[in-house]
Amino acid sequence: MDIEFSCTKCGERLTVDAAEAGKTDQCPECNQSLIIPSLEADASPASQPDAGTDIEFSCPKCGQHLMVDEAGAGETIQCPACNQSLVVPSPKVIEFACNKCGQRLSVDQARVGIEVQCPACGERMISPSDV
Ligand SMILES: [Zn+2]
Ligand SMILES: [Zn+2]
Ligand SMILES: [Zn+2]
């Protein structure tokens, strides 16, 4: 079983074996250090198992929860619930410092609240919801 995820820096699609989950990998495109997400990290019942990196946001008009593939960032879509025209926001990256060694870490906002591992010292911590 493979895990698919996107580089948090350049968006390159990466595929790794599920056994590598939680380990640190390096993007072949930009050499960004990446924590390989685990498949079961996303506990949201609405999420699709085969989805890549999705942008999640809410319709400002009706509050409908929407998920759009990262490739759709900046494009205009229509809310399926109320037909409001919406511009898909860019995925946000949250930056924080390792609480052990101070290494700057960045995670996709969609992955806040899950455990990440510091690529510098190996310390495991939960990514904060906001900084
Ligand atoms: Zn990259
Ligand atoms: Zn709507
Ligand atoms: Zn660290």
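What follows is a set of questions and replies on a predicted model.

Local features need pLDDT of at least 70, side-chain atom pairs count only at pLDDT 80 or more, and totals for chains, interfaces and linings use all residues. Residues are numbered from 1 along each chain as its sequence is written, with chains lettered from A and ligands numbered from 1 in the order in which they are written.

Me: What makes up the chain, helices or strands?
Reply: There are 12 strands and 0 helices. Both are DSSP runs, numbered from the N terminus: helices are H or I, at least four residues, and strands are E, at least two.

Me: Why are E5 and E6 said to pair?
Reply: Pairing needs at least two bridges found by DSSP between two strands. E5 (residues 54-58) and E6 (residues 65-69) have 5 bridges, in the antiparallel sense, so they pair. Asp-54 stands opposite Asp-69 in E6.

Me: What lies between E5 and E6 in the hairpin?
Reply: There are 6 residues between them. Gly-63, in the turn, has a positive phi of about 80 degrees.

Me: Why is the set with Leu-34 and Ile-35 called a nonpolar core?
Reply: A nonpolar core is a set of buried Ala, Val, Leu, Ile, Met, Phe, Trp, Tyr and Cys residues joined through C-beta atoms within 7 Å. Buried means 20 or more other C-beta atoms within 10 Å of the residue's own, exposed 12 or fewer, partly exposed in between; C-beta atoms are placed from the backbone. Leu-34, Ile-35, Leu-105, Val-107, Val-116 and Cys-118 form the largest such core. Strands E4 (33-35) and E10 (104-108) each give two or more residues to this core.

Me: Which residues does Val-116 contact, leaving aside neighbours within four places in sequence?
Reply: Ile-35, Leu-105, Val-107, Met-125 and Ser-127. Contact means C-beta atoms, placed from the backbone, within 7 Å.

Conventions. Contact = placed C-beta atoms within 7 Å.
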